[in-house]
Each structure stands twice: as C-alpha cells, then as structure tokens.
Amino acid sequence: MEFQFSINNLFAEEFSLVDNKLVPRRKSPRGNSVSSYREQLMKVIDKMGDASAKAQGLNATITSASKLQFSDHHLYFMIDAQANNGLGAVVGMIKVGQKKLFVYDHNGIQHECEPLCVLDFYVHESRQRHGCGKKIFEHILQVENVKPQHLAIDRPSTKFSNFLKKHYKFRSSIPQVNNFVVFEGFFKDRPPDP
Ligand code: ACO
C-alpha cells in the first residue's frame, strides 16, 4: 500500500513493531515533527486495518490506531523500501496479543490458558501469494519466541487456513466453542502462560 508521504521515514527496517505507544520501536523520526510523524503512523494503521477488514468481508475494522492505543497488542508491519519511487510501501501487517481463553483438548477437557493469538493478518492484494505472508509470520514466530502450533487463531479466513496448511502442515484443528482455532500440537510442550 502506497502513501503520499515517506514510509521509509516511518519504518527504518523491513519489519517494525508498533504497540500502544504508537511509535515504531526501532526508529526515531527523521525530517518530521513528532506530531506529523504520529499522524502519518496512525493513517498507515487505519488504512491497513480498513483494507484488512475489507479483504476479510468484515463490517467492522479489527485494527485501528485508536483501538491499538488502548490494547496490549503487538502490530508488526512489513515494508518494501524500494517501492513508490523510493518512498517505500507497506506490504503487510500482522497483529498478535495474549488472550485468556478456555480451550478444549482432544478429550473434550477444557483448559484455561493465555496463548498468543493471531488477531489480524493482511498482505496487500498486489503482494499476496509471493511469500510475503510467510516472511511476516516467520518474523513474529522468531520475535515473539513462539512455535506456530502454540498460537490460537481468531476466526481464520479461508486464505489464512490454506496458508497454515501449506506452510505449517496444519490440517486438523481441535473443535472449540469460541471463535478461536487451535491446531494439533497446541497442548504439546506448551510454554507456561505469562
Ligand atoms: N486463495 C487461496 N489460498 C490463498 C490465497 C487465495 N487467494 N492467497 C494466499 N493463500 C494461501 C495459499 O496456501 C497460498 O499458497 P499457494 O499460492 O501455493 O496456493 C499461500 O497462502 C501463499 O503464502 P504467502 O504468499 O506466504 O502468503 P500471502 O502473502 O498471500 O499472505 C494472507 C497470506 C495474509 C492470508 C493473505 O492472503 C491475505 O492478506 N488475505 C486476505 C486477508 C485475510 O484473509 N487475512 C487473514 C484473516 S484471519 C486473521 O487474521 C486471524
């Protein structure tokens, strides 16, 4: 997704984490006043959040700057610094966060746990099916120090389910009564809750 302002000024790295402070952690603003920098960052979050909701056919947006501000979620962006005549473009985003859930195991026994959940995941239409989603996903697995089978996924779309099948061989999910989906291996060697 391209913007009229420089994405490279907002995000110095290919991957950046934004949390409720609404500041990409690895970068201090360059060539911008702090307020216009924050305004641009909020615009990027809102536009990407809207595009994600649209891509998933949702009526309500899951990701916005105002929602992020009042959450403890981690929102990661991937950019292409070369795109848009050197201004850079946003390739995709993923939002993760810890949630208290009741999760059933294979024997129908309910466990209270607080896994890291994938809450929103979106790659811009112009970049889908080029391996960008896999790069973003691998990035969060590494940074959040989590194994893919230990994640809970909030209402995965068909595209995301196919993605998980293709890249992580996730086939059978364990039936749940909430909107979250967990896969085979979720309970095996699960790290303790935070
Ligand atoms: N139809 C079916 N499967 C698809 C499609 C599609 N249009 N697009 C991607 N996939 C799956 C397939 O398994 C595909 O492999 P294939 O091309 O060999 O069939 C694989 O994903 C491609 O992997 P990547 O290129 O690494 O993934 P991509 O960059 O396309 O990102 C993502 C995957 C994020 C799901 C992207 O397709 C997307 O943004 N979709 C629209 C929004 C969406 O559905 N987000 C998930 C919502 S659920 C949630 O966030 C908890």
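**From a buried glutamine to the ligand pocket**

In this predicted model, Gln 176 is found in the loop that joins strand 8 (173-174) to strand 9 (180-183). Although it belongs to a loop, Gln 176 has a relative accessible area of 18%. That value falls under the 20% limit, so Gln 176 counts as buried.

The side chain of Gln 176 takes part in two polar contacts with backbone atoms. One runs to the backbone nitrogen of Tyr 104, at 2.7 Å. The other runs to the backbone oxygen of Ile 174, at 3.1 Å. Once neighbours within four places in sequence are set aside, the residues in contact with Gln 176 are Phe 102, Val 103, Tyr 104 and Val 182. Tyr 104 thus appears both in this list and as a polar partner of the side chain, while Val 182 falls within the range of strand 9 (180-183).

The ligand is the next subject. It occupies the largest pocket, and 25 residues surround it. Those that come nearest are Phe 121, Val 123, Arg 129, Gly 131 and Ser 157. The shell draws at least two residues from each of four elements: strand 6 (116-123), helix 4 (132-143), strand 7 (152-154) and helix 5 (158-168). Among the contributors, helix 5 gives the most, with 6 residues.

Several polar contacts of the ligand involve the protein backbone. A polar backbone atom of Phe 121 lies 2.7 Å from a nitrogen atom of the ligand. For Val 123, a polar backbone atom is 2.8 Å from a ligand oxygen atom. Gly 133 places a backbone N or O atom 2.8 Å from an oxygen atom of the ligand. Of the 960 Å² of accessible area that the ligand has on its own, the protein covers 86%.

Two further residues deserve attention for their backbone geometry. Most residues other than glycine have a negative phi. Lys 169, however, has a positive phi, near 60 degrees. Lys 169 is placed in the loop between helix 5 and strand 8. With a relative accessible area of 58%, above the 50% limit, Lys 169 is therefore classed as exposed.

Asp 189 also has a positive phi, of about 55 degrees, without being a glycine. Asp 189 belongs to the segment after strand 9. The relative accessible area of Asp 189 is 63%, which is over 50% and therefore makes this residue exposed. Lys 169 and Asp 189 are thus exposed, whereas Gln 176, in the loop between strands 8 and 9, is buried.

How values were computed:
Residues are numbered from 1 along each chain as its sequence is written. This is a predicted model: local features need pLDDT of at least 70, side-chain atom pairs count only at pLDDT 80 or more; totals for chains, interfaces and linings use all residues. Side-chain values use heavy atoms; hydrogens and water are left out. Buried means under 20% relative accessible area, exposed over 50%, partly exposed in between (1.4 Å probe, protein chains only). A polar contact is a pair of N or O atoms within 3.5 Å; within protein, one must be able to donate a hydrogen and the other to accept it, and residues adjacent in sequence count only if both atoms are side-chain atoms. Contact means heavy atoms within 4.5 Å. A residue is near a molecule or strand if one of its heavy atoms lies within 4 Å of it. Accessible areas come from the Shrake-Rupley method with a 1.4 Å probe; for residues, only the protein chains shown count as cover. On a 1 Å grid over the protein atoms alone, a cavity is a set of points where a 1.4 Å probe fits but cannot get out, and a pocket is an open set with protein on both sides within 12 Å along at least five of seven lines; lining residues have an atom within 4 Å of a point. A molecule sits in a cavity or pocket if more than half of its atoms lie within 2 Å of its grid points.
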